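I opened this notebook to record what I looked up in the structure, one topic per entry. The entries start with charges and rings and then move on to single residues, a helix and the ligand.

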Amino acid sequence: MADSEVLVAGAGHNSLVTAAYLARAGFTVTVLEAEDRIGGDTATDELTIPGFLHDSCSTAHTLLQSSPTITGDELRLGDYGLEYIRPDPVVHIPLPDGSGITMWQDIEQTVAEFAKYSAADAATYRAMLDDYAAAAPGFTKWRYTPIGWGPSLDECLEDVPGGRRWRRIRQRAAADIVMENFEDWRSRAFMMWMALMTMQPPQRTGTGRLAYALAFGRQRHSWVVPKGGSGALPNALGSLIKDHGGTIVTGARVASLILEGGRCVGVRIDSGDEYRASRAVLSTIHIKHLIDMAPEEEWEESFTDGVAGWQAGISMCAAHYATTEAPTFDGGITPLASGTPTSAERVLRVAEDFKRGELALDDPVLLVLCPTVVDPTRAPDGQHTLKIVGVQPYELAAGTEKWDELMPSVARANFEHLGRYAPNITPDIVMAESLKSPLDLERMNAHNWHGSCHGGDMSPDQSGGLRPAPGWAEHRTPIEGLYQTGATTHPGGSVSAGPGRNAAIVMLRDLGSDISAAIAPEHPSTLEYR
Ligand SMILES: Cc1cc2nc3c(=O)[nH]c(=O)nc-3n(C[C@H](O)[C@H](O)[C@H](O)COP(=O)(O)OP(=O)(O)OC[C@H]3O[C@@H](n4cnc5c(N)ncnc54)[C@H](O)[C@@H]3O)c2cc1C
């Protein structure tokens with residue numbers, strides 16, 4: 001007998017989003033998660049001391065704010081406890097000469113920060129954000145439409161003012177756009193660091209949009225975080241699924257697919273237990289692992305080839321601290337988010353060091369997050385959770401296993417580097433720490449294959465119709481009844497709900513239903529699909 005109509009393998013936010021739409025449309029779903037809690041890279045864990053809630057991976061839910069799931073309140077996640085906090089200041093970038101640039105929610109205030117160094121750069125910042133604001137609906141429409149189910153990206157851009165220009169801009173490198181448009185080294189450092197924030201090398205062709213989009217998203221939505229931690233999102237989704245009759249099983253690592261007559265009818269987990277589905281199976285298992293879960297002849301060559309050539313992309317390491325203080329920078333500013341680019345040129349070196357497998361501890365490029373400055377529910381009174389994220393290669397020239405030995409010295413260098421800008425960051429404010437190298441991030445979540453924070457590089461050759469493999473971007477797989485979502489599918493990584501919602505659109509149609517059956521009737525979707 002089937003356990004449910006739809007089985008979902010893995011419980012990151014994307015697969016939970018799909019499961020939530022399916023559950024709301026009336027399908028019974030069972031979700032199987034390998035770890036002992038749901039959420040994947042959107043989990044919040046007590047990594048240091050009980051009562052200190054650390055975001056193990058993601059903290060910002062900025063991209064998600066433009067998803068129809070949130071803008072249309074399609075799943076009514078507020079009813080399940082999801083609430084967002086928009087920090088002000090948004091982010092502070094201290095610079096080595098004692099200066100700095102702060103982004104504030106009020107664009108006039110941010111523009112004034114650029115104007116301290118260059119009136120031209122201040123005007124450029126405003127103009128670039130206005131420019132992107134006009135094009136953003138085109139990009140959003142494309143992101144939240146399954147590949148092949150609506151207009152192409154070029155067609156989406158055709159519908160926005162000045163849209164054709166973006167065909168060329170997006171083929172360019174973000175680094176060139178930053179260097180051409182900003183004259184002062186401080187503005188360049190700020191904008192280059194921002195462009196790196198989805199972990200794509202800004203000097204790579206095809207990243208042109210990122211010179212605009214990252215600053216635009218944060219200026220519009222702030223470094224927005226869920227109250228209580230990143231895990232508030234999967235927890236709200238989990239509650240919704242259970243509320244609609246679904247089941248979630250944790251500690252259930254899927255080991256293989258059960259195929260009958262070439263069709264996927266269920267999965268077998270590590271313990272040998274089997275779970276069956278009468279209608280469909282949805283996987284968010286990394287494609288590099290999924291491919292080994294069924295006999296080779298069941299996959300088509302185009303899929304197998306695509307998976308074989310898959311690249312991981314830039315990786316990160318994260319050090320988590322329970323502290324008695326939050327980082328305070330010159331001028332007494334205590335932001336949730338800060339970063340240390342040092343210079344635009346230093347940011348650009350990240351990709352070169354990554355290619356060579358070199359640890360770069362000189363002036364490390366950091367992203368620093370201290371959510372407790374806006375959300376005191378995450379730690380005991382007056383205390384803080386601090387996360388220092390560095391960009392370092394998973395594959396070290398000295399061998400990936402070296403990470404276990406090296407991570408403490410990397411974390412120490414990063415911590416000391418932050419202390420140069422925020423003098424109150426000293427060892428005596430640390431009550432406990434938890435260090436996660438790129439290798440640890442993969443151990444924590446198998447979907448972080450080779451330390452990849454987005455399931456895999458978001459390069460042009462792994463985007464759109466090529467994600468996860470040419471011809472297989474529609475969330476279906478070569479095995480009948482088996483679907484795929486998650487960061488390895490369009491529109492890729494980050495906390496966006498895009499892959500999850502797009503997979504729901506495809507699955508619901510294949511199951512004889514429609515996404516409209518899942519959407520709160522008072523909030524009909526504003527997007528149209530074939
Ligand atoms: C350190 C770090 C910081 C980040 N910061 C941000 C940020 O601030 N903002 C942002 O937007 N993005 C950020 N990201 C990226 C973002 O978190 C991810 O791209 C996104 O959460 C991926 O979501 P997902 O649902 O596709 O997959 P995941 O969250 O990776 O979930 C996949 C799930 O599948 C489970 N699974 C895997 N294999 C199996 C199996 N065989 N059986 C059962 N279950 C299995 C995993 O345990 C996991 O729970 C960050 C990533 C990292 C690593």
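**Charges over rings.** I looked first at R209, and in this predicted model its charged end sits over the ring of F139, 5.1 Å from the ring centre. I found a second case at W223, where R218 lies over the face of the ring at 4.4 Å from its centre.

**The cluster around F139.** F139 also has ring partners, and I noted that ring pairs link F139 with Y132, W166, Y212 and F216 into a cluster. A search of the whole structure gave me 12 aromatic pairs. One of them is Y132 with W166, whose centres are 5.5 Å apart and whose planes stand at 80°, so I entered the pair as edge-to-face. Y132 belongs to helix α4 (residues 119-143) and W166 to helix α6 (residues 163-169), so this pair ties together parts that are 34 residues apart in sequence. I then asked whether each ring residue is buried or exposed: Y132 counts as buried at 4% relative accessibility, and W166 counts as buried at 0%.

**A second ring pair.** I next took F303 and W472, which form an edge-to-face pair with 6.2 Å from centre to centre and 90° between the planes. F303 lies in helix α12 (residues 301-308), whereas W472 lies in the loop between α15 (438-444) and β18 (482-484), so the pair ties together parts that are 169 residues apart in sequence. F303 has a relative accessibility of 1% and counts as buried; W472, at 15%, counts as buried because the cut-off is under 20%.

**Q219.** I found Q219 in helix α9 (residues 210-221), where it counts as buried at 8% relative accessibility. Which side chains does the side chain of Q219 meet in polar contacts? I noted one such contact with the side chain of T110 at 3.1 Å, and another with the side chain of Y125 at 2.7 Å. Setting aside residues up to four places away in sequence, I listed what Q219 touches as M103, W104, Q105, D106, I107, T110, Y125 and L129.

**T485.** I placed T485 in the loop between β18 and α16 (498-510), and its relative accessible area of 0% makes it buried. Its side chain reaches the backbone oxygen of P499 at 2.8 Å, and a polar atom of that side chain also lies 3.3 Å from the backbone nitrogen of G500. Apart from neighbours within four places in sequence, the residues in contact with T485 include N14, S15 and T18, then L282, S283 and T284, and also H475 and A503.

**D45.** I located D45 in strand β3 (residues 44-45), and with a relative accessible area of 16% it is buried. The side chain of D45 makes a polar contact with the side chain of R37 at 2.8 Å. Beyond its neighbours within four places in sequence, I found D45 in contact with R37, F52, L53, H54 and S56. I also checked D45 against P438, and the two are 393 residues apart in sequence and 18 Å apart in space, C-alpha to C-alpha.

**Helix α13.** For this helix (residues 344-356), I wrote down the buried residues as A344, R346, V347, L348, V350, A351 and D353. What do the buried residues of α13 pack against? I found α7 (174-181), α8 (185-196) and β16 (384-391). After α13 comes G357, for which I recorded a positive phi, near 70°.

**The ligand.** I ended with the ligand, which has 34 residues around it, and of these E33, N445, H447, A487 and V495 come nearest. An N or O atom in the side chain of E33 is 2.6 Å from an oxygen atom of the ligand. I noted two backbone approaches as well: an N or O atom of the A34 backbone lies 3.2 Å from a nitrogen atom of the ligand, and a polar backbone atom of D41 is 2.8 Å from a ligand oxygen atom. On its own the ligand has 1000 Å² of accessible area, and I recorded that the protein covers 95% of this.

Technical notes
Residues are numbered from 1 along each chain as its sequence is written. Side-chain values use heavy atoms; hydrogens and water are left out. Rings of Phe, Tyr and Trp (its six-membered ring) pair if their centres lie within 6.5 Å; planes under 30 degrees apart count as stacked, over 60 as edge-to-face and the rest as tilted. Helices (H or I, at least four residues) and strands (E, at least two) are DSSP runs, numbered from the N terminus. Buried means under 20% relative accessible area, exposed over 50%, partly exposed in between (1.4 Å probe, protein chains only). A charge sits over a ring if NZ of Lys or CZ of Arg is within 6 Å of the ring centre and within 35 degrees of the ring normal. A polar contact is a pair of N or O atoms within 3.5 Å; within protein, one must be able to donate a hydrogen and the other to accept it, and residues adjacent in sequence count only if both atoms are side-chain atoms. Contact means heavy atoms within 4.5 Å. A residue is near a molecule or strand if one of its heavy atoms lies within 4 Å of it. Accessible areas come from the Shrake-Rupley method with a 1.4 Å probe; for residues, only the protein chains shown count as cover.
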